[in-house]
Amino acid sequence: MAGIWDQLVDAICRPPRDVYNPAELLGGNSHAFMVGNMEASRIDYELKNNAGQQIMVSHYLPMNAHTRDDKLPVVVYCHCNSGSRRDAEEAVWHLLPCGVGVVALDFTGSGLSDGKWVTLGAREVDDQAVVVHHLRTQGGVSSIALWGRSMGAVTALLYSARDPDIAGMVLDSPFSRLTDLMLEIVVSQRLPIPKVMLKLALKLMRASVKRKAGADISTVAPLDVVGCSLIPAMFGHGREDSFIGMHHTGVGSCQAGWSFGVCTLQQCTAGASVAACADLPVQAERKSCFTPPSETGVKLKTATQNSSQAPNTEIRCLR
């Protein structure tokens with residue numbers, strides 16, 4: 001029982017960490033690469049959050065894009081709990097040809113940034129604020145949008161409540177409240193806990209996470225903070241996501257309370273990200289965007305124009 005409990009706590013604040021060599025990033029050691037026939041470059045830099053922790057950042061730019069004021073719009077990519085800035089590659093391939101730069105960061109506790117613990121948005125939102133502030137003050141950026149996956153989507157939602165000047169958001173498989181998700185995890189693991197004791201179990205888990213990572217999971221509740229946000233947003237969620245259920249975004253059922261219209265992507269494979277559903281060149285095997293105690297692999301396939309499969313991913317569009 002104690003071992004299973006520790007696994008559940010680690011699933012929140014210490015999932016598998018994506019440790020890599022910076023040479024594995026797009027552009028390698030030269031920092032230059034091609035997107036089709038377009039020349040592109042990567043600029044790496046380091047920022048520090050309010051706790052003095054180092055945040056590793058990469059800025060991907062099209063080389064020959066020109067605007068009247070020499071400023072380009074950028075999308076800040078926010079990775080999932082077991083991911084890193086490497087996950088932004090699919091966004092890079094799609095956005096750079098459109099003249100949109102991509103900024104990717106390793107949240108503290110992830111990738112090559114400082115920190116030991118992941119907090120599923122509680123502290124990541126502060127890292128997000130540091131990056132956005134840097135982009136606005138260093139110049140060369142016209143507008144800023146956010147693209148987040150799982151934990152990253154939650155972080156984007158939490159940040160949107162602070163910053164009404166964000167141009168738009170793409171939100172792939174967020175959860176509505178972390179406490180609700182934790183209860184679902186406890187139930188799914190079939191622990192010998194009577195239903196009447198589930199709230200006590202959640203209280204104990206909250207204390208365990210706070211003791212280990214110093215973060216309060218009850219504060220990670222995007223549904224409670226975005227009610228007044230007017231930022232355009234697009235939600236996507238895999239129908240067969242077995243860890244974060246579709247009801248967290250209310251796709252198809254509106255159970256979570258989001259007030260959004262519904263659009264459907266007809267040609268997506270189960271478990272694929274929004275980027276994959278946009279027919280991006282993503283063909284490698286990747287892990288679930290939110291790594292549960294028992295890790296499962298998800299193999300992505302790019303969408304085909306003439307697919308006859310039933311739709312299994314939906315997009316929610318802000319009205």
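I started with Ser-173 in this predicted model and asked whether Ser-173 is buried or exposed. Ser-173 counts as buried, because its relative accessibility is 4% and the cut-off for buried is under 20%.

Next I looked up where Ser-173 sits: it is in the loop between β7 (169-172) and α5 (178-188). I also checked its backbone. Phi of Ser-173 is near 60°, a positive value in a residue other than glycine.

Then on to the strand, β7. Which residues cover its two faces? I found Met-169 and Leu-171 on one side, with Val-170 and Asp-172 on the other, and all of them are buried.

I went through the neighbours of β7 in turn. Strand β6 (residues 141-149) runs parallel to β7, and four bridges join them. Here Leu-146 has Met-169 of β7 as its bridge partner. Strand β8 (residues 233-238) is also joined to β7 by four bridges, and this pair runs parallel too. In that pairing I noted Asp-172 opposite Gly-236 of β8.

I followed the connection as well: β6, helix α4 (residues 151-160) and β7 together form a right-handed β-α-β unit.

Last entry, Asp-70. Its phi is likewise near 60°, positive in a residue that is not glycine. I placed Asp-70 in the loop between β3 (54-62) and β4 (72-78). Buried or exposed? Asp-70 counts as exposed, because its relative accessibility is 60% and the cut-off for exposed is over 50%.

So my notes hold two residues with positive phi: Ser-173, which is buried, and Asp-70, which is exposed.

Definitions and conventions:
Residues numbered from 1 in each chain as written. Predicted model: local features only at pLDDT ≥ 70, side-chain atom pairs only at ≥ 80, totals over all residues. Heavy atoms only, no water. Buried < 20%, exposed > 50% of the residue type's maximum accessible area, 1.4 Å probe, protein only. Pairing = 2+ DSSP bridges. Right-handed = clockwise from strand over helix to strand, strands pointing away.
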